[in-house]
Amino acid sequence: MSIKVGKLVKWYENYDDLIVSDAGPGLVVKRIWNNLGLSKGRSTLYDVYRFKHADIKRYAAHDVEKLEVGEDG
């Protein structure tokens, strides 16, 4: 699933053992495709404006999920 620029997302940061260390809502400001020569094709990265920290950070696709308008968070 690809998330478009301008969409609201929830981002996640995990410790090495996959326990969530931080999470929050954000806005996708850039979508980047990487072709790493893998047989599965290209991977997707997102630059997300994090409301909680007032900054922009890059996340892999598995670390963001799309938020729907009106969804409880």
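How many bridges pair β1 and β2, and in which sense do the two strands run? In this predicted model, the pairing is antiparallel and extends over seven bridges. The two strands make a hairpin, with five residues between them. Leu18 sits in that turn and has a positive phi of about 70°. Within the pair, Glu13 faces Asp22 of β2, and both of these acidic residues come back below in the salt bridges.

Stepping back to the whole chain, there are five strands and zero helices, so the run of elements from the N terminus reads simply β-β-β-β-β. The strands make up an open sheet, ordered β4-β3-β2-β1-β5 and paired in the antiparallel sense. β4 (55–60) and β5 (64–66) take the edge places with a single partner strand each, so each has one side without a neighbour in the sheet. From one strand to the next, the twist averages 40°. As for the chain overall, 25% of its 73 residues count as buried. Its exposed area is about 5300 Å², with 52% of that coming from carbon and sulfur atoms. Looking at contacts between residues at least 6 apart in sequence, 40% join residues that are at least 24 apart.

Next comes β3, with its partners on either side. Eight bridges link β2 (residues 20–34) with β3 (residues 43–50), again antiparallel. Along this pairing, Leu27 stands opposite Tyr49, Val28 has Val48 as its bridge partner, and Lys30 is matched with Asp47. On the other side, β3 pairs with β4 over six bridges, also antiparallel, and Tyr46 has Tyr59 of β4 as its bridge partner. β3 and β4 form a hairpin too, this one with four residues between the strands. Ala54 in the turn shows a positive phi of about 55°. β3 is mostly covered, with six of its eight residues buried.

One of the residues in β3 is Thr44, which is buried at a relative accessible area of 18%. Beyond its neighbours within four places in sequence, Thr44 touches Arg31, Ile32, Trp33, Tyr59, Ala60 and Ala61. Measuring C-alpha to C-alpha, Thr44 lies 9.4 Å from Ile3, although 41 residues of sequence separate the two.

Which residues make up the largest nonpolar core? There are eight of them: Ile3, Val9, Trp11, Val28, Tyr46, Val48, Tyr59 and Val64. β1 and β3 are the elements that give two or more residues to this core. Ile3 comes from the segment before β1 (8–14), and its relative accessible area is 2%, so it counts as buried. With neighbours within four places set aside, the contacts of Ile3 include the core members Val9, Val28, Tyr46 and Val64. Ile3 also contacts Arg31, Glu65 and Lys66. Trp11 has its own list of contacts outside its sequence neighbours, among them Val48, Tyr59 and Val64. That list also includes Asp22, Arg50 and Lys52, which takes the story to the charged residues.

Side chains of opposite charge can pair when their charged atoms come close. The structure holds five salt bridges. In one of them, Glu13 pairs with Lys57, the closest N and O atoms being 2.9 Å apart. Glu13 belongs to β1 and Lys57 to β4, so this pair ties together parts 44 residues apart in sequence. Glu13 is buried, at 18% relative accessible area, whereas Lys57 is partly exposed at 34%.

Another salt bridge joins Lys52 and Asp22, with 2.5 Å between the closest N and O atoms. Lys52 lies in the loop between β3 and β4 while Asp22 is in β2, so here the parts tied together are 30 residues apart in sequence. Lys52 is partly exposed, with a relative accessibility of 49%, and Asp22 is buried at 16%.

A further salt bridge runs between Arg50 and Asp55, whose closest N and O atoms are 2.7 Å apart. Arg50 counts as buried at 7% relative accessibility, while Asp55 is partly exposed at 26%. Through shared partners, salt bridges connect Glu13, Arg50, Asp55 and Lys57 into one network.

Note on methods
Residues numbered from 1 in each chain as written. Predicted model: local features only at pLDDT ≥ 70, side-chain atom pairs only at ≥ 80, totals over all residues. Heavy atoms only, no water. Pairing = 2+ DSSP bridges. Axes fitted to C-alpha atoms, helices over the stretch in contact; angles between N-to-C directions. Buried < 20%, exposed > 50% of the residue type's maximum accessible area, 1.4 Å probe, protein only. Contact = heavy atoms within 4.5 Å. Areas by Shrake-Rupley, 256 points an atom, 1.4 Å probe, with all protein chains shown as cover. Core = buried A, V, L, I, M, F, W, Y, C linked by side-chain atoms within 4.5 Å. Salt bridge = Lys/Arg side-chain N within 4 Å of Asp/Glu carboxyl O.
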